[in-house]
Amino acid sequence: MKSKYVPNRIYLSEREIPKKWYNIAADLKGKMLPPLDPQTQQPISPDRLGAIFPQRLIEQEVSQERFIKIPEEILKVYLKWRPTPLVRARGLEELLETPAHIYFKNESVSPTGSHKSNTAIAQAYYNKLEGVKRLVTETGAGQWGSALSMACNYFELGCKVFMVRSSYDQKPYRRAMMQLWGAEVTASPSEETKAGKELFEQNPDSPGSLGMAISEAVEVAASDPETKYSLGSVLNHVLLHQTVIGEETLKQLEKVDEYPDTLIGCVGGGSNFGGFSFPFIREILEEKARAKGMRVIAVEPTACPTLTRGVYTYDYGDTAGLTPLLSMHTLGHAYVPAAIHAGGLRYHGVAPIVSVLVNSGMIHPVAYSQNEVFDAAVKFAKSEGIIPAPESSHAIRAAIDEALRAKSEGKKEVIVFNLSGHGHFDMSAYDDYMQGHLADSTVDEDELQKTLNQLRHQPVSE
Ligand SMILES: *Cc1c(COP(=O)(O)O)cnc(C)c1O
């Protein structure tokens, strides 16, 4: 009998690129709670958001349209690297001797090395359309800052990036990359903003955090009419833009006649995870037969266990409390995660849509420590030849554990994970790991309770 030829890499042609983003919020009617105004604690009016975001993105943020057309100008830039390949991880399967089929969606092939470019291009485009002159943002690991710098460069916008200090020190080449595309990069906390100055005075040695850098960026945007703020994760419109990942993955799996038993993504603010999984979760919501029993796993670090140990309530998106209050799982906006190498996962909150889906039992969160994650990253690098980002390696760790479970149960399952980015700028982290210098920090329950207690004065959801 001739066996069917199954390719290692499953491509889509340029013509098959998705033409629409999927807006899962339209399918979660009645479950989403509105963002609140930080001053009045009442649902925020879209006008107030207009000070920091362009109109079209605010419309997308609250849209109830199920599918939103991707403008030609954005598709044109997406086509520089999209559609991205879906890869059968045969090397990893052989290493693990698992009967499971493991696939990964390779978002690391974008020019900046991660999925972040998918929304950066869209955000820069809509800002340009409305006459904005400059975008300001924060970056943790440097992936978001790089993506926005590239996007601003394409659409001829100025770009200012507050980079979390621990990353700024660990990754000088990420900084250089942003500067090459014309961005101005400042280590955060900085002395350039009121929020930054206060944080600096409290602790001059602060490693910084995404929450702190957001405070600085929002302050700059609010004080300059020609500058708007741009966020790389968490918000509905960001997850919306990332759904090109999952839409492509669905089509690619159809080409080889497969469907996932298990879908896995890492979660910082939830954008790569959401963009990858929502088109599949749509099929669960539609009660499609093939989606029955599919498990969707969200992976986070034990050092920043937002979904596994946080509480679901209203909290600020930043440390200083300048942003609207979002209804989400949070460790408290004052929480400063340990300076682990997966900088992109060091965020106290998570996307409200992801929180709603965790609450409804559709997403299962798990947490892993840094050394477990790097062990998986090295196995992947050795068997597949790609050095993964420390963030993405959280998904790899879970995929390996699922594949080993399938092996022990003798099940030929299909496991699909999102490789959100490569780790070429994270080699100092790999160096530390190889020399046995990586610390596994766990969160002290008393410390966590302290920042959670500060949430008490805020409105409570559910
Ligand atoms: C930013 C980043 C993440 C985390 O952000 P999400 O919004 O949760 O996707 C994960 N992986 C990589 C490679 C990143 O750059």
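Guide: Start with the naming of elements. Helices are DSSP runs of H or I with at least four residues, strands are DSSP runs of E with at least two, and both are numbered from the N terminus. This is a predicted model, where local features need pLDDT of at least 70 and side-chain atom pairs need pLDDT 80 or more, while totals for chains, interfaces and linings use all residues. Residues are numbered from 1 along each chain as its sequence is written, and side-chain values use heavy atoms, with hydrogens and water left out.

Visitor: Where does D257 lie, and why is D257 called exposed?

Guide: D257 sits in the loop between α11 and β10 (262-266). Exposed means over 50% relative accessible area, buried under 20%, and partly exposed in between, with a 1.4 Å probe and protein chains only. D257 has 65%, so D257 counts as exposed.

Visitor: What makes the phi of D257 worth a remark?

Guide: Most residues other than glycine have a negative phi. D257 is not a glycine, yet its phi is positive, near 60 degrees. Q41 also has a positive phi, of about 60 degrees, and is not a glycine. Q41 lies in the loop between β2 (20-22) and α1 (46-49).

Visitor: Is Q41 buried, exposed or partly exposed?

Guide: Q41 has 28% relative accessibility, so Q41 counts as partly exposed.

Visitor: Which peptide bonds are cis, for example before P83 and P189?

Guide: Most peptide bonds are trans. The bond from R82 to P83 is cis, with omega near -10 degrees. P83 belongs to the loop between α3 and β4. The bond joining S188 and P189 is cis too, with omega about 5 degrees. P189 is in the loop between β8 (184-188) and α9 (194-202).

Visitor: Why is T84 called buried?

Guide: T84 has 0% relative accessibility, so T84 counts as buried. T84 is in the loop between α3 (72-78) and β4 (86-88). Contact means heavy atoms within 4.5 Å. Leaving aside neighbours within four places in sequence, T84 contacts K105, N106, E107, V109, E248 and Q252.

Visitor: How do you know that G421 is buried, and what does G421 contact?

Guide: The relative accessible area of G421 is 1%, so G421 is buried. G421 lies in the loop between β15 and α17 (427-434). Beyond four places in sequence, G421 contacts S108, G113, S114, P388, A389 and S392. G421 and H115 are 306 residues apart in sequence, but 6.6 Å apart from C-alpha to C-alpha.

Visitor: What makes a nonpolar core, and which residues of the largest one touch the most other members?

Guide: A nonpolar core is a set of buried Ala, Val, Leu, Ile, Met, Phe, Trp, Tyr and Cys residues, joined through side-chain atoms within 4.5 Å. The largest has 59 residues, and Y229, F278, V354, L357 and I363 touch the most other members. Elements giving two or more residues to this core include α10 (210-222), α12 (271-285) and α14 (352-359). α10 gives the most, with 7 residues.

Visitor: Why is this core said to lie between domains?

Guide: Domain bounds come from an automatic or database domain assignment. Domain 1 (51-71 + 115-232) and domain 2 (81-113 + 237-444) both give residues to this core, so the core lies between them. Apart from this core lies another, of 34 residues, among them L135, L148, F155 and V161.

Visitor: How many residues make the contact between the two domains?

Guide: 44 residues of domain 1 are in contact with 40 residues of domain 2. Their C-alpha centres lie 23 Å apart.

Visitor: What makes a residue near the ligand, and how many surround the ligand?

Guide: A residue is near a molecule or strand if one of its heavy atoms lies within 4 Å of it. 19 residues surround the ligand, and the closest are K116, S233, G268, S271 and N272.

Visitor: What makes the approach of S233 to the ligand a polar contact?

Guide: A polar contact is a pair of N or O atoms within 3.5 Å; within protein, one must be able to donate a hydrogen and the other to accept it, and residues adjacent in sequence count only if both atoms are side-chain atoms. A polar side-chain atom of S233 lies 2.5 Å from a ligand oxygen atom, so the pair qualifies. A polar side-chain atom of K116 lies 2.8 Å from an oxygen atom of the ligand. For G270, a backbone N or O atom lies 2.8 Å from a ligand oxygen atom.

Visitor: How much of the ligand does the protein bury?

Guide: Taken alone, the ligand exposes 380 Å², and the protein buries 97% of that. Accessible areas come from the Shrake-Rupley method with a 1.4 Å probe; for residues, only the protein chains shown count as cover.
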